[in-house]
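This report covers one sheet, a helix that packs on it, and one loop residue. The sequence and structure come first.

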Amino acid sequence: MLFWKLDDETIRCLINKEEIDQMGFDLEGLRTDDHHMEEFLDTIIQNSRQYINWNTENGMQTYSAKELPSEQLLLTISCTFADAAIDRDLAQIQKMSDALMEKTADERIQEIYQMKGEEKEIAFEDLANDLRDIFLGNFDESESPHREPPKKKEKDGPFSCQLVFADFDLLLLWSSIVPAGTDEKSVLYKAQEKYHLLIRWNEKTELPLIEHFIDTAGEYGASYLPVKHEEAYLEEHGEKLISDHALFI
């Protein structure tokens, strides 16, 4: 069972079927019986206090439960009152609005209009990535987490990507659901207390399956990044933990 805090009144919990059984509950009952689920969530909240200091004075206000591969359950539990949650979301919308106005400044758009060829493509991609980050709540220009993989209809040769995990245990859990042999090469680095998994997927692995695994990695706290010059940067500034087939070790 893994816990992490999203804010002072909201946590996430990743739990597997065996742990659920040991607590005296079962997945089928959680799916079909609201009272069963309520008792289970109360128990989760009680257990969380052993690991996380968070405010539960208001009691559980909202929750979401998502079943993941390997019979795992990802829970998000919030003790924030609805009015306070709305105020928080309004503040986030205001930040997004401000960031959007800054990123889409007329000068920047006009500069891209004047460009040609590869320079124009790169500048437009950077703008699109900035806008995607804004809509996903990321305003830190020093990193670009939570980017979605490009949606391609066809895959021309091996497809490369970078997945960045803040928690090594979650990286291990995610890698356990990916079938062996789907990577051509994968290297694991550690830099700034984060784990960077660079993957070159096997050219025989279909793109929809790759996109599925990348999307699933997000449920384990991973951020997606395209691979451009990251490997050279990590070689210089990071620590190489596993040099080959890191995804399956």
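Contact here means heavy atoms within 4.5 Å. Helices (H or I, at least four residues) and strands (E, at least two) are DSSP runs, numbered from the N terminus. The model is predicted: local features need pLDDT of at least 70, side-chain atom pairs count only at pLDDT 80 or more, and totals for chains, interfaces and linings use all residues. Residues are numbered from 1 along each chain as its sequence is written, and side-chain values use heavy atoms, leaving out hydrogens and water.

Five strands form an open antiparallel sheet in the order 8-5-7-6-9, where two strands pair if DSSP finds at least two bridges between them. Strand 8 and strand 9 are the edge strands, each pairing on one side only. Strand 6 and strand 7 are joined by eight bridges; Leu188 has Leu197 in strand 7 as its bridge partner.

Helix 8 has 13 residues and reaches 19 Å from first to last C-alpha. Its buried residues (under 20% relative accessible area, 1.4 Å probe, protein chains only) include Leu207, Ile210 and Phe213. The buried residues pack against these elements:

| Element | Residues |
|---|---|
| Strand 5 | 160-165 |
| Helix 7 | 168-175 |
| Strand 7 | 194-201 |
| Strand 8 | 223-225 |

Just after helix 8, Gly221 takes a positive phi of about 85 degrees.

Asn58 lies in the loop between helix 3 and strand 3. Asn58 and Cys79 are 21 residues apart in sequence, yet 5.6 Å apart in space, C-alpha to C-alpha. Beyond its neighbours within four places in sequence, Asn58 contacts Glu9, Cys79 and Phe81.

Technical notes:
Expected span 1.5 Å × (residues − 1). Buried < 20%, exposed > 50% of the residue type's maximum accessible area, 1.4 Å probe, protein only.
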